[in-house]
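User: Please go through this model with me, beginning with the overall picture and then turning to individual residues.

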Amino acid sequence: MTLAVTAPDRAPAIPESFRFADQNPLAGEPYLTSPMELLPPWAARELPVTAWAWDALVDARSTALVVDPYRRISVSWMRELVRLRPTVAPPRDVCPDCWGTTVGVDTDASLTGTVGALVLCACAGNHWIGVA
Ligand SMILES: [Zn+2]
């Protein structure tokens, strides 16, 4: 597998919920086997171990020791961040598209095909890493 910096055709949509056994849209494989650099924020936030420990468990194919692959985890907190976003201009040091939350909104359906769908903001960085 070769990692290459590429722009995806479409921004990854933020799901309502996920399971670690589900396909990670940033990696093309389950969240369970994805290294930390390819985990989106909604999955990385749920890890009960450090990034280093997670990557060691991925290498050892042992991540199921620390996460339940089939437990459904809500991502509603990311939707709440959008609802609570102030309507004033963000501070200069904060991403104007997501206020630093990494949650963007597909306002014209150009990214997901759905107006208002939540997407991972370009400032999240890791979604620009594609698997070639
Ligand atoms: Zn952003």
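User: What percentage of the residues of the protein count as buried?

Analyst: A residue is called buried if 20 or more other C-beta atoms lie within 10 Å of its own, exposed if 12 or fewer, and partly exposed in between, with C-beta atoms placed from the backbone. This is a predicted model, in which local features need pLDDT of at least 70 and side-chain atom pairs count only at pLDDT 80 or more, while totals for chains, interfaces and linings use all residues. Residues are numbered from 1 along each chain as its sequence is written. Of the 132 residues of the protein, the share that counts as buried is 22%.

User: In what order do the helices and strands run?

Analyst: Helices (H or I, at least four residues) and strands (E, at least two) are DSSP runs, numbered from the N terminus. The protein has three helices and eight strands, and from the N terminus on their order is β-β-β-β-α-α-β-α-β-β-β.

User: Which element gives the most residues to the largest nonpolar core?

Analyst: A nonpolar core is a set of buried Ala, Val, Leu, Ile, Met, Phe, Trp, Tyr and Cys residues joined through C-beta atoms within 7 Å. The largest one holds 21 residues, and Ile14, Trp42, Met78, Val103 and Leu120 touch the most other members. At least two residues of this core come from each of α1 and β7 (117-120), and the element that gives the most, with three residues, is β7.

User: Which residues does Ile14 contact, leaving aside its neighbours within four places in sequence?

Analyst: Two residues are in contact if their C-beta atoms, placed from the backbone, lie within 7 Å. With those sequence neighbours set aside, the partners of Ile14 are Trp42, Val75, Met78, Val103, Leu118, Val119 and Leu120.

User: Is Leu38 buried or exposed?

Analyst: Leu38 sits in the loop between β4 (29-30) and α1 (41-44), and its C-alpha is 9.7 Å from that of Gly28, a residue 10 places away in sequence. Because Leu38 has 23 C-beta neighbours inside 10 Å, it counts as buried.

User: Where is Trp99, and how does its environment count, buried or partly exposed?

Analyst: Trp99 lies in the loop between α3 (76-83) and β6 (103-106), and its phi is near 60 degrees, a positive value in a residue other than glycine. Most residues other than glycine have a negative phi. Since Trp99 has 17 C-beta neighbours inside 10 Å, it counts as partly exposed.

User: What is the phi of Thr102 near?

Analyst: Thr102 is also placed in the loop between α3 and β6, and it counts as buried because it has 23 C-beta neighbours inside 10 Å. Its phi is positive, although it is a residue other than glycine, and the value is near 70 degrees.
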